[in-house]
Amino acid sequence: MSHVRRWLPDSWNPLYSLGAASFYLFWIVAASGLYLFVFFETSIDGAYLSVEHITHEQYYIGLVMRGLHRYASVMMAVTVTVHLIRELVLGRFTGPRWFSWVSGVPLLWLLFASAIGGYWLVWDERAQYVALVTARLFDALPIVVEPMAFGFIDNATVSDRFFTLLIFLHVGIPLSLLLGMFIHIKRINNASIFPPRQYAAWLLACLIVVSLAVPATSLGPADLDAPLRQVEIDWFYMNFYPLIDQLGPTPVWLALLGVTGVLMALPLMVRPKKMPIAAVDPDFCNGCGWCFADCPYEAIYMKPHDYKPNHEQAVVIADSCVGCGICAGACPSATPFKSFNQANSGIDLIGTKNVDLLSMVREDLGAREKKGRILVVGCHHGVDLTRLEEADTTTMTLECIGQLPPSYMDFLCRRESLDAVLLTGCSEGNCFYRLGIDLQEQRLLRLREPHVKFSDVKEKIERLWVGKGGEEALREAIEQIREELRSEMA
Amino acid sequence: MRWRELTIRHWVVILLGSGLIMGAAGMFSHSPSVTVVPEHSTQLKLVVRYSGQRLGECEPLDADALSRLPANMRQPIVCPREKSPLYAELVVDGETRVEATIAPSGIHHDGVIALYRELSVPVGTVQVTMNIRDRADVQEFSHVLHRKLELDADRVVTIHFSDDGFRVTGA
C-alpha cells in the first residue's frame with residue numbers, strides 16, 4: 001500500500017476526483033441558488049432586505065441554503081484551480097487532450113463571473129465594493145464609451161432594473177458555465193461527473209457544518225452616498241480586486257489576459273512525446289465494437305467493414321488516440337487459444353503489439369522453474385517492475401493495464417502452467433489513462449466483455465493498484481503469494 | 001470503499017483534512033478585510049460628461065456646392081465631425097490630484113467625452129480647483145471651478161462637469 005493510501009483511501013482522495021467534485025459542487029450551488037431565487041427580490045431595497053430575511057428569518061433553512069450557495073462556490077473555485085494545476089503538472093494538456101484543456105480555460109472566467117455576480121446581487125457594502133472596482137476594471141477597456149461607474153455615482157443613479165439585469169446575468173452566466181463544462185468533457189468517454197458516494201455525502205455534510213459554524217451573512221446595506229471604509233471580501237474570487245485598487249486596472253487586465261493566453265497556448269508550446277497509436281487490422285476485426293465502447297478518449301468509431309458483408313469495422317481517429325492500448329485489451333480476436341489467427345488482434349498499438357509481448361512472456365516463462373511461477377503485469381506509469389523480477393517471478397509492462405486482454409491470463413495459466421498473476425499499475429482512481437483500472441476490474445469480475453473465462457484462473461489473479469510509490473507493497477504482495485503457493489504445494 | 005471499512009487512521013486524516021479545508025473556506029471567504037477609504041478621509045468623485053467642442057469651425061456652403069449634393073444632404077452649413085480632446089485637472093489644497101486628457105469616444109472621435117475618478121481626501125475644509133480646457137488649440141481654460149469645500153467623513157463629495165457647467169453634491 002502506498003504511503004498516501006495508508007492514510008487516505010483512494011476513493012476519498014480529493015485529488016482523484018477534482019473534476020467530478022467540481023460538477024457535484026456546481027449542482028449544489030445550482031440547487032441552493034434556486035431556493036434563494038424563490039425568495040429574492042429584484043429591487044434596490046428589496047435585494048438587501050430579502051437576503052436578510054432568507055438569512056435570519058427562515059429557521060436556519062435559509063441560512064444553510066445561503067451557506068451552501070457560498071461555500072460550495074468557494075470549494076468549486078478550489079477544486080477547479082487544483083484540477084487545472086494537477087493536469088498541468090501531469091502534462092495532461094497536450095496531444096489529443098488539447099481539446100479538454102483549451103475548452104477548460106475559459107470556464108475559469110465564467111466561474112469567476114458567476115461568483116462575483118452573486119456577491120453583487122446582495123447589494124451590501126461588499127456588493128458596493130464589487131460594483132465600484134468591477135466598474136473601474138471594465139472602464140479601462142478602450143471600447144467603453146461611457147464609464148460603467150456612472151451607474152454607481154450615488155444612490156439615485158442605481159435603478160431597480162439594474163437588479164433585473166444582474167439576476168439575468170447571474171442565471172445566464174452559470175448556464176453558460178454548465179454548457180462549457182459539458183463541452184469540456186465532450187471528447188472524454190465515461191467522464192466522471194459524480195464523485196464517489198461516501199466522499200460526496202461527506203463533502204455535503206462538511207458544507208452544511210461550515211454554513212452553520214461560519215454563516216454566510218451580508219455586510220451593512222450599500223450606500224453610494226457614504227464612503228466605504230473596511231470591506232470583508234471573498235479572497236477565493238476577489239483576490240485580484242485589491243490589485244485593481246493598488247496597481248490600476250491596466251496591469252491587472254494584462255496579467256489576466258496574459259495568463260489566459262499562456263494557458264490556452266500551452267498545447268501549442270509543449271509538443272507531446274510521440275506515442276504509438278492504435279491501428280485496426282481489418283482481417284481480424286470482427287466488428288464487435290468493444291474497443292469502441294472502451295476507448296477513454298472517443299478515438300474509435302465503427303463503420304461498415306471494408307470487405308466483410310454485414311460486418312462492422314473499427315476505425316481509429318489518429319488525432320484523438322493517446323496510445324493507451326485499452327482497445328487492444330478489449331479485442332476478442334486477440335485470444336491466443338485460437339491457433340488459426342496466432343493471437344492476432346483486430347486492433348493493436350503500432351510497434352508494440354500485444355502478441356509480441358505475449359511471446360516474450362511465454363519465452364521467459366519457459367526458461368524458469370515449472371512450479372510456483374508468478375507473473376506481475378503493470379504499466380509504464382506505475383512501479384518499475386524489472387526490479388521485482390526473480391527466479392520465480394516474471395514481469396510484463398504495458399502502456400496501460402487495460403491493454404492486457406483477459407484471454408492472455410486464461411491462456412498463460414492453463415497452457416503455460418502459470419501459478420499466479422498479480423496485476424498492478426496506477427493507484428486506484430488515478431489511472432493515467434483514466435479508465436484502464438476500472439475496465440480491467442470489470443473484465444476480471446466478468447462484468448464486461450471480454451472477461452476471464454475460467455473460474456480457476458480467476459482465483460489465481462490478484463490486483464494491487466498502488467501507483468509509482470508502491471514498490472514495497474508489491475514486494476509484500478508477491479511474498480504473500482509465494483507463501484500461499486508454497487503451502488498449496490506442500 | 002464502504003463506511004465501515006474506514007479505519008481510525010483514515011478517520012483522523014479525513015476529519016483533520018476536512019477541518020483544515022473547510023476552516024480555510026470559512027475564513028478566507030470573508031477575511032481579511034480591505035481598506036477602501038482610510039479613517040479621517042472621505043471619497044471625492046469626479047464625474048465628467050461633456051458633449052465637447054468641434055475641432056474646426058462650421059462653414060456655409062454656396063449654391064453651387066449645395067447643388068452637387070444629393071437632395072437629402074443639402075444643408076447650408078457643414079460642420080467638421082471630429083471633436084477636440086478635453087483636458088481636465090483637479091487640484092486639492094494646491095496638490096494636483098487628477099490630470100487627464102480625454103479623447104471623445106467613437107471611431108471618429110465625435111462622441112461624448114466622459115471621465116470618472118475616485119480619490120480619498122482628508123475630511124475638513126479643503127480648497128478645490130478644477131480646470132477644464134475643451135479646445136486643444138486654445139491655451140486658456142474654458143471652465144474653472146474654484147471652491148472651498150467642507151468635507152464630512154460620512155458623505156461622498158462629487159464634482160460633476162457637464163454641458164451645464166460644474167455642480168458639486170455631498171458637500
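User: Which residue of E10(B) does Arg49(B) stand opposite?

Analyst: Welcome! Please keep in mind that this is a predicted model. Strand E2 (residues 41-50) of chain B runs parallel to E10(B), and 6 bridges join the two. Within that pairing, the residue of E10(B) opposite Arg49(B) is Ser162(B).

User: How many of the residues of strand E10 (residues 157-162) of chain B are buried?

Analyst: A residue counts as buried when its relative accessible area is under 20%. By that cut-off, strand E10 of chain B is mostly covered, and the buried residues number 5 of its 6.

User: In which sense do E10(B) and E11(B) pair?

Analyst: These two strands form a hairpin, with 2 residues between them. Their pairing extends over 5 bridges, and its sense is antiparallel.

User: Which residue in E11(B) is the bridge partner of Phe161(B)?

Analyst: Strand E11 of chain B covers residues 165-169, and Phe166(B) lies in it. Phe161(B) is also on the list of residues in contact with Phe166(B), along with others including Met130(B), Ile132(B) and His143(B). The bridge partner of Phe161(B) is Phe166(B).

User: How far apart in space are Phe166(B) and Leu145(B), C-alpha to C-alpha?

Analyst: Leu145(B) is one of the residues that Phe166(B) contacts beyond its neighbours within four places in sequence. Along the chain the two are 21 residues apart, yet in space their C-alpha atoms are separated by 7.0 Å.

User: Why does Phe166(B) count as partly exposed?

Analyst: The partly exposed class lies between buried, under 20%, and exposed, over 50%. Phe166(B) falls in this class because its relative accessible area is 23%.

User: Let's move to chain A. Which helix gives the largest share of the largest nonpolar core?

Analyst: That core has 89 residues, and Met76(A), Trp123(A), Phe152(A), Leu207(A) and Tyr241(A) are those with the most contacts inside it. The largest share, 12 residues, comes from residues 98-121 of chain A, which form helix H5.

User: How many residues are in the other core, the one with Ile326(A) and Val355(A)?

Analyst: This core lies apart from the largest one, and its members also include Val421(A) and Cys426(A). Its residue count is 51.

User: Which phenylalanines does Trp123(A) touch, not counting residues up to four places away in sequence?

Analyst: Trp123(A) is among the residues with the most contacts inside the largest core. Its contacts include Ile44(A), Tyr48(A), Val158(A) and Pro221(A). The phenylalanines it touches are Phe152(A) and Phe163(A).

User: How many residues apart are Glu471(A) and Arg387(A), which form a salt bridge?

Analyst: Side chains of opposite charge can pair when their charged atoms come close. For Glu471(A) and Arg387(A), the closest N and O atoms are 2.7 Å apart. The pair links distant parts of the chain, with Glu471(A) in helix H17 (residues 471-489) of chain A and Arg387(A) in the loop between strand E6 (374-379) and strand E7 (393-398), at a separation of 84 residues.

User: Is Glu471(A) buried or exposed?

Analyst: The cut-off for buried is under 20% relative accessible area. Because its value is 18%, Glu471(A) is buried.

User: By about how much of the helix are Arg475(A) and Glu471(A) separated?

Analyst: The side chains of these residues meet in a salt bridge, with N and O 2.8 Å apart. Arg475(A) is partly exposed, at 31% relative accessibility. Because they are 4 residues apart in helix H17 of chain A, the separation is about one helical turn.

User: How far apart are the centres of domain 1 and domain 2 of chain A?

Analyst: Domain 1 of chain A covers 3-269 and domain 2 covers 278-489. Taken over C-alpha atoms, their centres are separated by 44 Å.

User: Which three residues supply 38% of the area that domain 1 of chain A buries against domain 2 of chain A?

Analyst: The two domains bury about 1500 Å² between them, 39% of it on carbon and sulfur atoms. Contact involves 15 residues of domain 1 and 22 residues of domain 2, while the rule finds 0 salt bridges across the interface. On the domain 1 side, the three residues that supply more than any other three are Pro96(A), Arg97(A) and Asn189(A).

Note on methods:
Residues are numbered from 1 along each chain as its sequence is written. Chains are lettered from A and ligands numbered from 1 in the order in which they are written. This is a predicted model: local features need pLDDT of at least 70, side-chain atom pairs count only at pLDDT 80 or more; totals for chains, interfaces and linings use all residues. Side-chain values use heavy atoms; hydrogens and water are left out. A nonpolar core is a set of buried Ala, Val, Leu, Ile, Met, Phe, Trp, Tyr and Cys residues joined through side-chain atoms within 4.5 Å. Buried means under 20% relative accessible area, exposed over 50%, partly exposed in between (1.4 Å probe, protein chains only). Contact means heavy atoms within 4.5 Å. Two strands pair if DSSP finds at least two bridges between them. A salt bridge is a side-chain nitrogen of Lys or Arg within 4 Å of a carboxyl oxygen of Asp or Glu. Domain bounds come from an automatic or database domain assignment. Buried area is the accessible area (1.4 Å probe) that two parts lose on being put together, summed over both.
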